[in-house]
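User: I would like to learn how to read the secondary-structure packing and the cysteines of a model. Could we take the features in turn, with the general idea ahead of the case?

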Amino acid sequence: MIKIYGMKSCPDCADILHQISGSDRYQMIDIGEDVRYMHAFIDLRDQDPAFDEIRGTGKIGIPAFIREDGTVTLDAEAVGLCRPLHFQTEPHRIYAEVDGTCVAEITFFQQPDGTYVIDHTFADASLKGRGIGTRLVELADAYIQEQGSQWTATCPFAEHWRQRHQ
């Protein structure tokens, strides 16, 4: 079994968590859940050469993957997963790019009464099954709540999510 050190609140780890959902090949160890997990991760990070480039940069080094043979990698693709997407937020758009190409996007606009409308969700076919559409709606929901507002949707995917979660 491949162990993964990470945190549910980390965007990169959230993407990985969606990928491993339902698989018994991977075990997520949330370092924020218990001080013992954090301690074990810090010991690993301080000693393992896989973290040489991370140390001193201010980065944490998660998600970190421990293979069955005990070797450590920070490369999701090396353990059969896709590399995490990095989502960027603009005032009316949240998106992710890979090599300069937009592969996932959600757009929304604010009405005169302050309510937002989510009008478009897109995830490239190569991302199918990774929960990217759901992640986009979750990010938009959080962004809109931070603005102190509510939302509706003309996008069927977002509206379906809203009905299930609000």
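User: What is the order of the strands in the open sheet?

Analyst: Strands of a sheet pair through backbone hydrogen bonds, either parallel or antiparallel. Here the open sheet has five strands in the order S5-S6-S7-S8-S9, and its pairing is mixed; strands (E, at least two residues) and helices (H or I, at least four) are DSSP runs numbered from the N terminus, and two strands pair if DSSP finds at least two bridges between them. Strand S5 (87–90) and strand S9 (151–153) are the edges, each pairing on one side only, and the twist from one strand to the next averages 25 degrees. This is a predicted model, in which local features need pLDDT of at least 70 and side-chain atom pairs count only at pLDDT 80 or more, while totals for chains, interfaces and linings use all residues. Residues are numbered from 1 along each chain as its sequence is written, and side-chain values use heavy atoms, with hydrogens and water left out.

User: In which sense do S6 and S7 pair, and over how many bridges?

Analyst: Strand S6 (residues 93–98) and strand S7 (residues 101–110) are antiparallel over six bridges, and among the partners is Thr 107 in S7, which bridges to Arg 93.

User: Which strands does H3 lie across?

Analyst: For angles, axes are lines fitted to C-alpha atoms, for helices over the stretch in contact, and the angle runs from 0 to 180 degrees between N-to-C directions. H3 lies across S5, S6, S7, strand S8 (116–123) and S9, running at about 35 degrees to S7. Helix H4 (residues 156–165) also packs on the sheet, touching S8 and S9 (contact means heavy atoms within 4.5 Å), and its direction makes about 130 degrees with that of S9.

User: Which residues of H1 meet H3?

Analyst: Pro 11, Ala 14, Asp 15 and His 18 of H1 meet Ile 132, Arg 135 and Glu 138 of H3. The axes of helix H1 (residues 11–20) and helix H3 (residues 132–146) come within 10 Å and cross at roughly 145 degrees.

User: How many disulfides does a search of the whole structure find, and why is Cys 13 without a bond?

Analyst: A disulfide is a pair of cysteine sulfur atoms within 2.5 Å. The search finds zero, and Cys 13 has no bond because its closest cysteine sulfur, in Cys 10, is 3.4 Å away, which is too far. Cys 102 is in no disulfide either, the nearest cysteine sulfur, that of Cys 155, being 14 Å away.

User: Are Cys 13 and Cys 102 buried or exposed?

Analyst: Buried means under 20% relative accessible area, exposed over 50% and partly exposed in between (1.4 Å probe, protein chains only). Cys 13, at 1%, counts as buried, whereas Cys 102, at 25%, counts as partly exposed.
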